Each structure stands twice: as C-alpha cells, then as structure tokens.
Amino acid sequence: MSLFCCGHGAHHPITCIVPPYMLRVLALRGDPRTAEMARTLLKQTERLRDERAELMEAGLPPAQPLGTTAVAPVQDLCCPDRRIHDGQHKAALPGKLVRSEGDGPTGIPDADTAYEAAGQVFSLFAEEYGRNSLDGQGMPLVATVHHRRDYNNSFWNGTQMAYGTGDGKIFRTFLELSVIGHEMAHGVIQHSGGLIYENQSGALNESIADVFGSLSLQRALGQEVHQADWLVGRGILGPGINGAALRSMKAPGTAYSDDLLGQDPQPWHMDHFVTTTDDNGGVHINSGIPNHAFYLFCAYLGGRAWELPGRVWYRALQTLNNPMASFADWADQTMDAAIELTGRGSYETIMLRRAWKLVGIAI
Ligand SMILES: [Zn+2]
C-alpha cells in the first residue's frame, strides 16, 4: 500500500496543506513518537481519500466543468453562510456545530478564528472578483476545527475544510489566514473547471491556492506588495523547527531548513523543475515556479496584489477550460486575461511577460 498523504486520486483529491514528502521525512528521521505520528497521518489521510471516493460514488456531484458555474452579479452578493464545527479531536466530520452565520463569538479560539478567516476569504472573492462563495452560487462555508487529536495537517475534502491543532511540536496550529485561504481556494478551483491534481496541472492547482491564500492575508492586513512577506503558513511550524513557514512565494526553497524537516524543496525556475512520482508528480514542489512568477508580476507593478494581479489570475482561472493545463498553457491564459483587462501592449502585459520569462517560461 502506498502512503501518499494527499491527492492520491487525481480527479477527486483530498488537498492537504502539508505535503506527503514532509510526512515521509518525519517518518524516517523523527524520534519514535514523531515517526509513528507521521506514519499514522499518512495512513489516516489515505483512509480519508477512500471515504471521499465512496461519497463520490454515492452520488455527490462532481466538480462542474468550466462554463457551467454561475457567477452571480456583484449586486447579488451579500454575505457568507459560515458553519463552523468543533471536531472535538475526533475523526468524524463535520462534528458539532458551534457557530453559524451571524452568531457571536463562541469563546473557542480556534472556532472563532476559523469563522473570521472564512469571512475574510469570502470577502476577497466576493468584493474583488464578484464571486459568491466557493462555487459561485453561495454554497455554505463548512469548516471543522479540532479535527482529530494532535493532527498535523489541514485539508479541503471536496465539500468542507478541516483543521488539526498540530501536535505543538512540529506544527503549532493550522488556523492561519493564508492556510485557510489556500484550502478555500481549492474549493474555488474545483468549481472553476478544476485542474487535475497531478504533474504540472496539479502544481498549478497548488500554486493558485497559494496565490489566493496569500492575497487573502495581504488584503486583510492592508499590505502592499513590498510590505507583504509572501509566506504561506507563517507561524504554523512548531517552536523547535527552524523555518518561517511552509512555502515562500518571494523566495521559493527558503521557507524552512531544519534537521528534522530537511530543506524546503521548491524551485523558482524551470531549470530546476523536479521530475518525480512523489507528491502526485511534485505538486507542492514545482508550484514554486508559478508562485514566483505571480510574485514577480506583483513586485513589478507594486501596489495592492489582490487588485490587478489577483484579477488577472482569477480571470485566467475562469476562462482556462483545460484541466490538464501545463505551466506554459497557464502563462498564456494569464496573458490573455491581462490583455482583456489592460489592453494589448500595456505596461502590465509587458511586466507579466517579463515575470514568466524570469522563471523560464516564454510567452
Ligand atoms: Zn493545497
């Protein structure tokens, strides 16, 4: 039995924030307790994937093909419909409903953080891009905090978000806005025609989730491009781990360097593209390349990244119509979107071409 953490079934993936190669390193290098935790986590996630496959067979609707997702006009957008559950450290989902839309704080810090963060991500998509929730049709935002005991991961399972607390050693929390935005963006991608979760299209799926995760955080903090840290999962690593975050869009490959976790393996240029069968073809590794292209595009333009650059990426996702897109296909799509939004030959399109070129993709 293979022990992949996430996305083993490329068409109906469980998309986790912590990639399987990190867990496998922990299973090899960790002390007996850590190694056991990592092995258990790998097995649990595999079981979760099987359950998800059963749900799909039981008639859960698959992700809609592109073009069928209704994007509500802006004036119809109102409010999110948040439903935050307490998993009470058990495996069952969604767990006990503790805060519905409009309810006051629960006093459960993780539940209240998940509620506020889901609102901020909803607001990014609604107010900046005119999208009504993850499916474009106002679907409820269902989340579970305290999923399992000492659970070192968070995921989107196709219908909801789930967040572990971490074991306090390797991970201290997963309730951080870029992580929450990342998981919710997987829902948006799923309902925007999907990007198959393997190889380059899978790395694009991961990258686009990082982009909107980071934009959720930057917008909530009111940060311009040069004020933002461009980290995904800042502060979620445990106190004994030498690292700032899970990934860096500004400097892929530098997010952590640790005796236990090893070195952040992300490349930023096509010359260092990693060919592997691990991690669904390196979806959490090679995402560094399109991540860095987005960062460069934003850095060249300055200002607020969730405005024009975010709109370009969002429009490209809505018009892509190619679930198996390569990085080059995606770069072309972003260029088409930039031309539509700013005109052919605009400064923005010139900077976008330059950004892709710097990571080794000519358009
Ligand atoms: Zn992901």
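**Figure 1. Overview of the predicted model.** Strands here are DSSP runs of at least two residues, and helices are runs of at least four; both are numbered from the N terminus. The model is predicted. Its protein chain holds 10 helices and 10 strands. The chain has 363 residues, and 58% of them are buried. About 14000 Å² of the chain is exposed, with carbon and sulfur atoms supplying 51% of that area. Take the contacts in the chain with a separation of 6 or more: 64% of them join residues 24 or more positions apart.

**Figure 2. Close-up of the loop between strand 2 and strand 3, with Pro 94 and Gln 88.** Strand 2 covers 82-86 and strand 3 covers 96-100, and Pro 94 lies in the loop between them. Leu 93 and Pro 94 are joined by a cis peptide bond. Omega of this bond is about 0°. Gln 88 belongs to this loop too. Phi of Gln 88 is positive, near 50°, in a residue other than glycine. The relative accessibility of Gln 88 is 38%, so the residue counts as partly exposed.

**Figure 3. Close-up of the zinc ion and its protein donors.** Three residues supply the protein donors: His 182 and His 186 through NE2, and Glu 206 through OE. These donors lie 2.1 Å from the zinc ion. Along the sequence, the donor residues follow the spacing H-x3-H-x19-E. Two of them link distant parts of the chain: His 186 is in helix 4 (residues 177-190), while Glu 206 is in helix 5 (residues 199-221). That pair is 20 residues apart. His 186 counts as buried because its relative accessible area is 3%. Glu 206 is buried as well, at 0% relative accessibility.

**Figure 4. Close-up of Arg 247 and the residues it touches.** Arg 247 sits in strand 8 (residues 247-248). Is Arg 247 buried or exposed? Its relative accessible area is 2%, so Arg 247 is buried; the cut-off for buried is under 20%. The side chain of Arg 247 makes a polar contact with the side chain of Asp 210, at 2.7 Å. Leaving out residues up to four places away in sequence, Arg 247 touches a list of residues that includes the zinc donors His 182 and Glu 206. Also among them are Ile 17, Trp 230, Leu 231, Val 232, Ala 255, Gln 266, His 284 and Ser 287.

**Figure 5. Close-up of Gly 233 in the loop between strand 7 and strand 8.** Strand 7 spans 231-232, and Gly 233 is found in the loop that leads on to strand 8. Gly 233 is buried because its relative accessible area is 0%. Which residues does Gly 233 touch, not counting those up to four places away in sequence? They are Glu 176, Ser 178, Val 179, Ala 244, Ala 245 and Leu 246. Phe 174 is 59 residues away from Gly 233 in sequence, yet their C-alpha atoms are 7.6 Å apart in space.

**Figure 6. Close-up of Gly 158 in the loop between strand 5 and strand 6.** Strand 5 covers 154-156 and strand 6 covers 161-163; Gly 158 lies in the loop between them. Gly 158 has 6% relative accessibility, so it counts as buried. The C-alpha atom of Gly 158 is 9.9 Å from that of Met 184, a residue 26 places away along the chain.

**Figure 7. Close-up of Asn 280 in helix 6.** Helix 6 runs over residues 279-282 and contains Asn 280. Phi of Asn 280 is near 55°, a positive value in a residue other than glycine. Asn 280 is buried because its relative accessible area is 9%.

**Figure 8. Close-up of aromatic rings and the charges over them.** The whole structure contains 15 aromatic pairs. One aromatic cluster is formed by Trp 230, Phe 294, Tyr 295, Phe 297, Trp 313, Trp 330 and Trp 356. Trp 230 is also one of the residues that Arg 247 touches. Elsewhere, arginines sit over tyrosine rings. The charged end of Arg 99 is over the ring of Tyr 115, 3.6 Å from the ring centre. Arg 354 lies over the face of Tyr 300, 5.9 Å from the ring centre.

Key
Residues are numbered from 1 along each chain as its sequence is written. This is a predicted model: local features need pLDDT of at least 70, side-chain atom pairs count only at pLDDT 80 or more; totals for chains, interfaces and linings use all residues. Side-chain values use heavy atoms; hydrogens and water are left out. Rings of Phe, Tyr and Trp (its six-membered ring) pair if their centres lie within 6.5 Å; planes under 30 degrees apart count as stacked, over 60 as edge-to-face and the rest as tilted. A charge sits over a ring if NZ of Lys or CZ of Arg is within 6 Å of the ring centre and within 35 degrees of the ring normal. Buried means under 20% relative accessible area, exposed over 50%, partly exposed in between (1.4 Å probe, protein chains only). Contact means heavy atoms within 4.5 Å. Accessible areas come from the Shrake-Rupley method with a 1.4 Å probe; for residues, only the protein chains shown count as cover. Donors are N, O and S atoms within 2.8 Å of the metal (3.2 Å for Na, K and Ca); water is not among the atoms, so sites may look incomplete. A polar contact is a pair of N or O atoms within 3.5 Å; within protein, one must be able to donate a hydrogen and the other to accept it, and residues adjacent in sequence count only if both atoms are side-chain atoms.
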